[in-house]
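Subject: Structure handover

Hello,

Please find the structure below, with its sequence. My notes on it come after.

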Amino acid sequence: MKERSDSAPATTAGEAETGIAQERPRRESLNERRVWHVYARRKYDEPLHEIGNVVADDVELARVYARSIYDEFTWIEMVLVPRDCIVTVIAP
């Protein structure tokens, strides 16, 4: 039985010119799923609170997941932030 490789060849424009292909992890070469942080508030005078996160390929699917998973309260506002868009200001 043939073993699966954890890496897949990836070709970019620069690699095509040089003829040298670099290896990327297999997961990066596929459509990697994104982590979305979910924030919500129940009252207008409350700040947004992080209530959890969902993993989805795109924003539409993330919306569906967030609404169905975090439906225990009647939220007046719910927002999604992709984890890869978060900027660290102070780190330990």
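The notes below go from the sheet to the core, then to single residues and salt bridges.

This is a predicted model, in which local features need pLDDT of at least 70 and side-chain atom pairs count only at pLDDT 80 or more, while totals for chains, interfaces and linings use all residues. Residues are numbered from 1 along each chain as its sequence is written, and side-chain values use heavy atoms, with hydrogens and water left out.

The sheet

Helices (H or I, at least four residues) and strands (E, at least two) are DSSP runs, numbered from the N terminus. Three strands, in the order β4-β3-β5, make an open sheet with antiparallel pairing; two strands pair if DSSP finds at least two bridges between them. The edges are β4 (49-56) and β5 (77-82), each with a single partner strand, so one side of each has no neighbour in the sheet. On average, neighbouring strands are turned by 30° against each other, direction ignored. Axes are lines fitted to C-alpha atoms, for helices over the stretch in contact, and angles run from 0 to 180 degrees between N-to-C directions.

Strand β3 (residues 34-41) pairs with β5 over 6 bridges in the antiparallel sense. A40 has M78 in β5 as its bridge partner. Helix α3 (residues 59-69) packs on the sheet and touches β3, β4 and β5; contact means heavy atoms within 4.5 Å. The direction of α3 makes about 130° with that of β4.

The core

The largest nonpolar core consists of 7 residues: W36, V38, V54, A56, A62, A66 and Y70. Such a core is a set of buried Ala, Val, Leu, Ile, Met, Phe, Trp, Tyr and Cys residues joined through side-chain atoms within 4.5 Å. The elements giving two or more residues to this core are β3, β4 and α3. Beyond four places in sequence, Y70 touches residues including V38, V54, W75 and M78.

H37 and D58

Is H37, in strand β3, buried or exposed? H37 is buried, at a relative accessible area of 10%; buried means under 20%, exposed over 50%, and partly exposed in between (1.4 Å probe, protein chains only). The H37 side chain has polar contacts with the side chains of E50, at 2.6 Å, and R83, at 3.2 Å. A polar contact is a pair of N or O atoms within 3.5 Å; within protein, one must be able to donate a hydrogen and the other to accept it, and residues adjacent in sequence count only if both atoms are side-chain atoms.

D58 sits in the loop between β4 and α3 and is partly exposed, at 39%. Its side chain reaches the backbone nitrogen of E60 at 3.2 Å and that of L61 at 2.8 Å.

Salt bridges

The structure holds 3 salt bridges, each a side-chain nitrogen of Lys or Arg within 4 Å of a carboxyl oxygen of Asp or Glu.

- D84 and R34: the closest N and O atoms are 2.8 Å apart. D84 lies in the segment after β5 and R34 in β3, so the pair ties together parts 50 residues apart in sequence.
- R41 and E77: the closest N and O atoms are 2.7 Å apart. This pair links β3 to β5, with the two positions 36 residues apart in sequence numbering.
- E60 and R63: the N to O distance is 2.6 Å. Both lie in helix α3, 3 residues apart, about one turn of the helix.

Regards
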